[in-house]
Amino acid sequence: MTLGYGFLGAVTYYEYYTPSDPVCELMRSYPGEVTMIVTSIATVLSIATTILFTLSVKEALRHRICQPVSLTHLSAWVSLAQGSHILQHKHKILTLFTLFVVGMLRLLTAGWTTLLTPVYFTWPVQLNGSEIDITGSVFAALLQEEFLTNGLIQNDASDVLDIGGMLSGVTAAGFTFGLPGTFNFNGAKYNVSTQGIVPTIEKLSGSDGIPDVNGTRLGFSGGNVTVNTGIVPGSHSRAPIPQGFSTNYSMWQQGLTANVSCRAIDSSQTQYLWNTNNSNVIYTNPAASSNNPITGLRLWTISANCSTNTSTAYEYVTIVDADGNGNSSGNGFLPSVVCLGPTDTNQAYTSFTIFTQGFYKYDFLQASVCEVVPLLTTVRADYSNDQISSEVISFAPFQSENAELLLFIAGVARYQSINSQGLTSSTIGDTLYSIYSSTTTEHINNNLNDTQVYLELEDYWRGVVEFSATFLRSAFMATGSFPDNIIPNNLSSPVNGTMFISTIGWTRWTRKSPTYLLATVPLTIITILTFICVFYSILEYRQERQEHQRNYHYRAKFDVSNILHLIIACAGDKLVLSDIREKIEKNGGDVHPRDLESNDLRRQSVHVVDVPVGGR
């Protein structure tokens, strides 16, 4: 019993307790053997608990029999001392009590088995750390310095921003229509999109390559990202933390997303001046052949009104035929112009605008405008199954100190819009075209509606915006970005969360179920009754010692539940029925048992005096 309750006490003290990792693996591999061992131990503990209980009852009854006690109560306690019960309908309380106690004794094995059987559970461990803070004025100053020194997009990072931004947009847009939504960047896997976060868990942080001297910050092209996350001291169990079968993480950290709203440009919206009419053929080749299939090139100058009296123009080149016309079924042209800042005097500098329109096979997309409003977010990032999934918890719009950050995000969108268009097709246009066409058997122009087009376009640009923030965080947290890879305090933002270790063992927190409470009831009740009997025996023992009873050493060997002891006591006239003895004396010793009523026997009290046992 001490060992059993000591184990339960240890589990309660440590809160979580597991064997060593090799033992846990064995327990998972051999569940049948574990059940057999636990059941054997539970049986031994149950037998030991029952023996201790019956011994305590016998000892208490040995002291109680020295004083008058009714035969009914004596019978009940003798039955309990033998692990049995009584069935007397005229004594319902005693009958129910003995049945209850015996029932608790029978449930001891089940109780111990339930308590000692190891269970699979999740061990939570608190984590904290830090990451780069891209939301403050200190980072804005650092970013502006990088712009002035190396430009917004450096050569080493251009391919990463081009391909990474495109893939992030494609993944985000495709997921809306049920396509697979896993995006990979720098060795880390994101569910649907990055949500603007950087991995804060070492083993899921991606690449372990060391960037070269020019491969950090805005020159980042991939490599190890410094992770500064560890266990919070004193926040976990006193027991050693196991490696476990698997580990998941839930972290609260900075993120970045965007509200994107796309719609067709109405003719009444005079603030949107979108001009696609300025183009001319700059090259013709009537003798085009397989070696030189280009028959002609058209130069497009696409312009948009980005603010009052301010126009922004991009140039594109596409392949045309000898007559200067594009192939409406095979070629596609989808130009875009990104405007940073307000398009009217009422718009704050917290967003940017993207103008776009489709031609040839993309002509399902009419002249449109997308308002992109980036948002600073706090996200809960779940790291599980080698993948990162994020959920936005709170968000806030950009402020004046985020102007440089907005400039970078809009610059990535501009870079993406220009580089996505090739001579014959556009990545953005192909994304819109292929994603929707993969979900229908109809011709796309016959079945596509504006709502679906704009939903895809919004998701695409949202994916690009979120990727740009992830790139920026990774670039400034890359190994070598700061001296000793330590982010200065004025540039760091706290992260915190929980590591969940899946393992097997014992824990007090998962034991709040009704099953656990029921399992502890038999142990608790039998233990309480055992201690009551022990305390009673101790008190009686001390009183008898103080009274110096002459034959105490004889009674110490008398066992009421032993039929031989009772026979010896009766034979020696030491078992006294008080009430019948009084009646016999009153009638001059002439009372026959048949003259006694049944109630007389039930009301008798009995006690033992000076009983020699064992030959004394």
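The largest nonpolar core of this predicted model holds 97 residues, and Phe352, Trp461 and Phe471 touch the most other members. Which helix gives the most to this core? That is helix H12, spanning residues 450–477, with 14 residues.

Let's look at one of those well-connected residues. Leaving aside neighbours within four places in sequence, Phe471 is in contact with Ala157, Val160, Leu161, Phe185, Arg217, Leu218, Phe220 and Phe408. Apart from the largest core lies another one, made of 28 residues, with Cys24, Trp112, Leu115 and Leu523 among them.

Now turn to helix H7, which covers residues 137–150. From its first C-alpha to its last, H7 reaches 20 Å, close to the 20 Å expected for its 14 residues at 1.5 Å a residue. Here is how some of its residues sit:

| Place in H7 | Residues |
|---|---|
| Buried (under 20% relative accessible area) | Phe139, Ala140, Leu142, Leu143, Glu146, Phe147 |
| Exposed (over 50% relative accessible area) | Leu148, Thr149 |

Why do the buried residues of H7 line one face of the helix? Seen down the axis of H7, they fall within an arc of 165°, so they share one face. Leu148 and Thr149 are on the other side of the helix.

What do the buried residues of H7 pack against? Their partners are strand S3 (119–132), helix H9 (403–419) and H12. You have met H12 already: this helix gives the most residues to the largest core.

Finally, follow the chain just past the end of H7, where Gly151 takes a positive phi of about 90°.

Conventions
Residues numbered from 1 in each chain as written. Predicted model: local features only at pLDDT ≥ 70, side-chain atom pairs only at ≥ 80, totals over all residues. Heavy atoms only, no water. Core = buried A, V, L, I, M, F, W, Y, C linked by side-chain atoms within 4.5 Å. Buried < 20%, exposed > 50% of the residue type's maximum accessible area, 1.4 Å probe, protein only. Helix = DSSP H or I, 4+ residues; strand = E, 2+ residues; numbered from the N terminus. Contact = heavy atoms within 4.5 Å. Expected span 1.5 Å × (residues − 1). Arc of directions from axis to C-beta.
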